[in-house]
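Q: Hey, I'm new to this one. Can you put it on screen and walk me through it?

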Amino acid sequence: QVQLVESGGGSVQAGGSLRLSCAASGYINSTNSMGWFRQTPGKEREGVAAIYTSGISTYYADSVKGRFTISQDKAKNTVYLQMNSLRPEDTGMYYCAAGPYAPYGNRWSLLSRWNYWGQGTQVTVSS
């Protein structure tokens, strides 16, 4: 089992920044990727960013490219999501996820490729 705990959410005005953190514990060696997803009421959970934890590859949703950056601190078993130039449409519950497969192509955001999830942290961007 892998436990994921998110932190860093909050409320900001459009154009502002936030940094989310996800601390992983447990059987971390069973995972090869970590990622961030977000969800708003009535919508499906969507992939925001992912990172190959055994390498350096990163993946992003088109809507956040150039604004968000995913990174990891292997010594701390922590993944970060730096979010800049935030927009109201970035509002949602952000979930950290871990999975056994290396992310690649457009398949990285398929929910079936992720088997561990955190409880989520709320991000609210006001205009």
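Q: Let's start with Asn77: leaving aside its neighbours within four places in sequence, which residues is Asn77 in contact with?
A: This is a predicted model, so keep that in mind throughout. Beyond its neighbours within four places in sequence, Asn77 is in contact with Cys22, Ala23, Ala24 and Ile28.

Q: And where does Asn77 lie?
A: Asn77 is in the loop between β7 and β8.

Q: Why does Asn77 count as partly exposed?
A: Because its relative accessible area is 35%, and partly exposed covers the range between 20% and 50%.

Q: What separates the C-alpha atoms of Asn77 and Leu4?
A: A gap of 9.9 Å, though the two residues are 73 apart along the chain.

Q: OK, pockets. How much space lies in the largest pocket?
A: About 190 Å³. Asn77 is one of the residues that line it, and others include Ile28, Thr31, Ser54, Lys74 and Thr78. The elements that give two or more residues to that lining are β7 (68-73) and β8 (78-83).

Q: How does the lining divide into nonpolar, polar and charged?
A: There are 3 nonpolar, 7 polar and 2 charged residues in the lining of the largest pocket.

Q: You mentioned Thr78. Is that one buried or exposed?
A: Buried: Thr78 has 9% relative accessibility, and the cut-off for buried is under 20%. Thr78 sits in strand β8.

Q: What does Thr78 touch, not counting residues up to four places away in sequence?
A: Ser21, Cys22, Ala23, Ser71, Gln72 and Asp73. There's also a link closer along the chain: a polar atom of the Thr78 side chain lies 2.9 Å from the backbone oxygen of Lys76.

Q: Ser21 is on that list. Where is Ser21 found?
A: In strand β3. Ser21 counts as buried too, at 16% relative accessibility. Setting aside residues up to four places away in sequence, Ser21 touches Val5, Glu6, Ser7, Trp36, Thr78, Val79 and Tyr80.

Q: Back to the pocket lining for a sec. Where does Thr31 lie?
A: Thr31 is in the loop between β3 and β4. Thr31 is buried, with a relative accessible area of 8%. The side chain of Thr31 has a polar atom 2.7 Å from the backbone oxygen of Ile28.

Q: Which residues is Thr31 in contact with, leaving aside neighbours within four places in sequence?
A: Val2, Thr53, Ala98, Gly99, Pro100 and Tyr116. As for Ser54, Thr31 is 23 residues away from it in sequence and 9.0 Å away in space, C-alpha to C-alpha.

Q: New topic: in the largest nonpolar core, which residues touch the most other members?
A: Leu4, Met34, Trp36, Leu81, Met83 and Tyr94, out of 28 residues in that core. Elements giving two or more residues to this core include β1 (2-7), β4 (33-39) and β9 (92-99). The largest share comes from β3, with 4 residues.

Q: Why do nonpolar side chains end up in a core?
A: In soluble globular proteins, nonpolar side chains tend to be buried together.

Q: What is Met83 in contact with, leaving aside neighbours within four places in sequence?
A: Gly16, Ser17, Leu18, Leu20, Arg67, Phe68, Tyr94 and Val123. Apart from the largest core lies another one, of 6 residues, among them Phe37, Ala50, Tyr59 and Ala97.

Note on methods:
Residues numbered from 1 in each chain as written. Predicted model: local features only at pLDDT ≥ 70, side-chain atom pairs only at ≥ 80, totals over all residues. Heavy atoms only, no water. 1 Å grid on protein atoms, 1.4 Å probe; cavity = no way out; pocket = protein on both sides within 12 Å on 5 of 7 lines; lining within 4 Å. Points joined across faces, edges and corners; volume = space filled by probe spheres on them. Nonpolar A, V, L, I, M, F, W, Y, C, P; charged D, E, K, R; others polar. Core = buried A, V, L, I, M, F, W, Y, C linked by side-chain atoms within 4.5 Å. Buried < 20%, exposed > 50% of the residue type's maximum accessible area, 1.4 Å probe, protein only. Contact = heavy atoms within 4.5 Å. Polar contact = N/O pair within 3.5 Å; in protein donor to acceptor, adjacent residues only side chain to side chain.
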